[in-house]
Amino acid sequence: MKTVIKNIFTTLLLLSVSGTFAQIIKGHVNNTENSPLESANIIINGTTLNTTTDLNGNFSIDLQGKLPVTLLIQYTGYKQERILIQSLPETSLNILLAEDNQLAEVVISSRRRIEKAQNVPIPISVVSGKQAEQAGAFNVNRIKELIPSVQLYSSNPRNTGINIRSLGSPFGLTNDGIDPGVGFYVDGVYYARPAATTLDFIDVGQIEVLRGPQGTLFGKNTTAGAFNITTRKPSFTPGATIEVSYGNYNYLQAKASITGGLSQKIAGRISFSGTQRDGLIDNVATGRATNTLNNQGIRGQLLYTPSENTNVLLTADITTQRPDGYAQVIAGVAPTQRAAFRQFDAIITDLGYQLPSNNAFDRKIDHDTPWRSNQDLGGASLTVDSKIGLGTLTSTTAWRFWNWDPSNDRDFTGLQVLAKSQNPSRQTQFTQEIRYSGEISSQLKGTAGVFLMDQTSKTNGTEESGNAQWRFSQSTTSEKWKTPGLFEGYGIKTNASIHGVSAAVFGQLDWEITEDLHVLPGLRYNYDKKDADYDRKTYGGLQTNDPELIALQKLVYSDQNFAKDTDATDFSGNLTLSYKATDKINAYATYAKSYKPVGVNVAGLPTLNGAPILELAVIKPEKVNHYEAGVKSSPFNNAILNVTFFNTNITAYQTNVQAAELGVNRGYLANADKVRVRGAELDASFVINEHFSFNGAATYTDGKYIKFINAPLPLEETGAAVSFKDVSGTSLPGVSKWAGSLGGEYTTAAKLFGNLGKFFVGIDSYARSEFSSSPSASKYLIVPGYAIFNGRFGFRAAEGLSINFWARNILDKDYYEQLLPAGGNAGHYAGVLGDQRTYGITLKYSL
């Protein structure tokens, strides 16, 4: 990390070189009431050159040959103004500063054009890069605390699901054979693997979260919504930010970003992020804390502007994670319907074992298999924007990869039940999107595009039994289960691969019937093809010719091999009616027909009479009918109040099933006949005066299986005479009826080390009600509701030094983020624990 920062400072010096001949700029600074502002600061960004305005608001400043430059105009209590000067102006500048007690009008690009979020008939939540930094939200998992419609569940990076309105990814363990229902885009590039959401943000400018199906504006179809993340772009004006954070548990995070012109037509930007932290859970067996953070990422960008109408952006990035972590702690034991000798407590008693603690929030484990969650993710993209006629033609070409190297202790104990559980994977993807957005006529705007994605994912896995496997797998009272070495070293080696191709044509129109009434139809045609190969072979264990012993081994693991290929086409689309009743009220209604593509199982299949159930290999596509209505309003100055009502019906809902068979790694996929999710959302922001501002969001969600007659058994019903259960009418997993966030901040003008800025004190809160943590509701796998509070105070400056003292989970609340059964469903289950109280300081210096 030190070497990278040293190189960054060297680059900064090179980018800052310029000429030194005298060039004078004169100007005048007024407020919005045309009164002159005396003693306003005029600064040449990236230099120490500055001046102040006189009694009449006039100023002059010598550029000393530095062109192009950006002028920063600062005055206490007013918003900072930035003015790019590319050539010496012929007349003096007239500059107006607005008071800094107004609610900023958020501008977005989700509809492929720059427009105000309040004018867009889509429910959108926007978090600026600065807001995310101030709230300590350095990844998506923390963004969910600002946007309660978002849910993220992660027992490790691979097994990560991101949902919006409780839809998107099957709850539980990840299967490569289906597509996410929530799109994740960074600078227009689609990230196919949900593991990307666990990585640290690098130099983020803005995060836009679109709720509801999105398929007529974006390359990849999504049924639940999309994250549209834009990073800060290269600038021809030299600039740099450096940020260092330190906190308890030896938390250390460093970020740096440098930008500047490399020639008249080429600008560059390089950004770095590194995060480290000691573990939050003690492993009493190793004497070391686990669940550490160890993340590094770097992103480089080159911007080429061959003409006024064309921009070419080349981006490359790579991120690595090397934590000792993602260990889960046993949270409890459910009595199952298996025989008494097959209950968890009886099993560990026979083996002479005792849990290190019966309270998960003692944060103690004794796992004997190392936890490893190594991943590398990166790629490169080339984006060309060219203004043609009344619109812009955009081409985005990208290649990305994801490498996953794990080790897990899936029995969650210090016993050698599973000695190995490792399924390393490599995923690569190529995407190409070509899109045109612009005016067709004075009353008609539109977007049209084509999209292609080619994706390959390969897994070479190993799962191996230890010396305690016999007792956990013992299903009869036969003494042969105790045969020495029968299961020790007995396991499976798996080779699984999936190749997928997705191609689409999409478009959307915005027809202005009158100035206030708009109709927005959209259409999409998609083709999806997936080829899957799965091959699993047993190895090791006691080598014997005894058919009874061989039969016992096959009850634990058996060979399995299948290949499936499938394809499908689909038409989808939406229709939106938008009406601007007044300047402060914008109402809209939407109907959308969407889908999630056909899927395939590539993690093993359940067996019947020893043979895999092949009809479960292919998963039907989801069919979505979505209705939504909302009002975006500004009830009074400096206030926003938005309300949305939605109803989503899904047939052939793709869900994840945790099997009782060890050989079905990470569970398998199945279709639920019909699902319904409906609810309401509220978003509000208020600026009370120049000192106080507040923001809040709340969501009510009612998600149910309308019909699911062949659902897996809940944990406590494992061992029942039937294999499936009708769970129609029960709640979907991961759905809290209520969730909300509320925050506020007090600011006042201040000066620190000669820098104008603001002293601030802020607090944010996030709460959600209880939710089921199992595909079939189990009374033992209900995550209780919880609320957490985060706070901060310090000094914030646009230029120079900023200081932020922060604390997360101030009240040190014990809470689970997820509960999940151990492999084999012996009755014990583990929890993904929320972080305990953390606190620290962040220093940021901007040039």
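## Strand pairing and nonpolar cores

In this predicted model, Gln 321 of strand β23 stands opposite Gln 375 in β26, and these two strands pair in the antiparallel sense over 12 bridges, with β26 spanning residues 372-388. Gln 321 also faces a partner in β22, since Asn 295 stands opposite Gln 321 in β23. Strand β22 (residues 293-307) pairs with β23 (residues 310-321) in the antiparallel sense, and the two form a hairpin that leaves 2 residues between them.

The following table sets out the strand pairs.

| Strand pair | Sense | Bridges |
|---|---|---|
| β2 and β5 | antiparallel | 4 bridges |
| β22 and β23 | antiparallel | 11 bridges |
| β23 and β26 | antiparallel | 12 bridges |

The pair β2 (residues 41-44) and β5 (residues 69-74) belongs to an open sheet of 4 strands, ordered β3-β2-β5-β6 with antiparallel pairing. Its edge strands are β3 (50-52) and β6 (81-85), each of which pairs on one side only, and neighbouring strands of the sheet are turned against each other by 20° on average, direction ignored. Between β2 and β5, Ile 44 stands opposite Leu 71.

Turning to the nonpolar cores, the largest contains 42 residues, and those with the most contacts inside it are Ile 143, Phe 184, Ile 207, Phe 227, Tyr 653, Val 675 and Tyr 705. Leaving aside residues up to four places away in sequence, Val 675 touches Thr 648, Asn 649, Ile 650, Tyr 653, Lys 704, Tyr 705, Ile 706 and Leu 732. A second, separate core has 34 residues, including Ile 330, Leu 819, Ala 826 and Ala 830.

Notes. Residues are numbered from 1 along each chain as its sequence is written. This is a predicted model: local features need pLDDT of at least 70, side-chain atom pairs count only at pLDDT 80 or more; totals for chains, interfaces and linings use all residues. Side-chain values use heavy atoms; hydrogens and water are left out. Two strands pair if DSSP finds at least two bridges between them. Axes are lines fitted to C-alpha atoms, for helices over the stretch in contact, and angles run from 0 to 180 degrees between N-to-C directions. A nonpolar core is a set of buried Ala, Val, Leu, Ile, Met, Phe, Trp, Tyr and Cys residues joined through side-chain atoms within 4.5 Å. Buried means under 20% relative accessible area, exposed over 50%, partly exposed in between (1.4 Å probe, protein chains only). Contact means heavy atoms within 4.5 Å.
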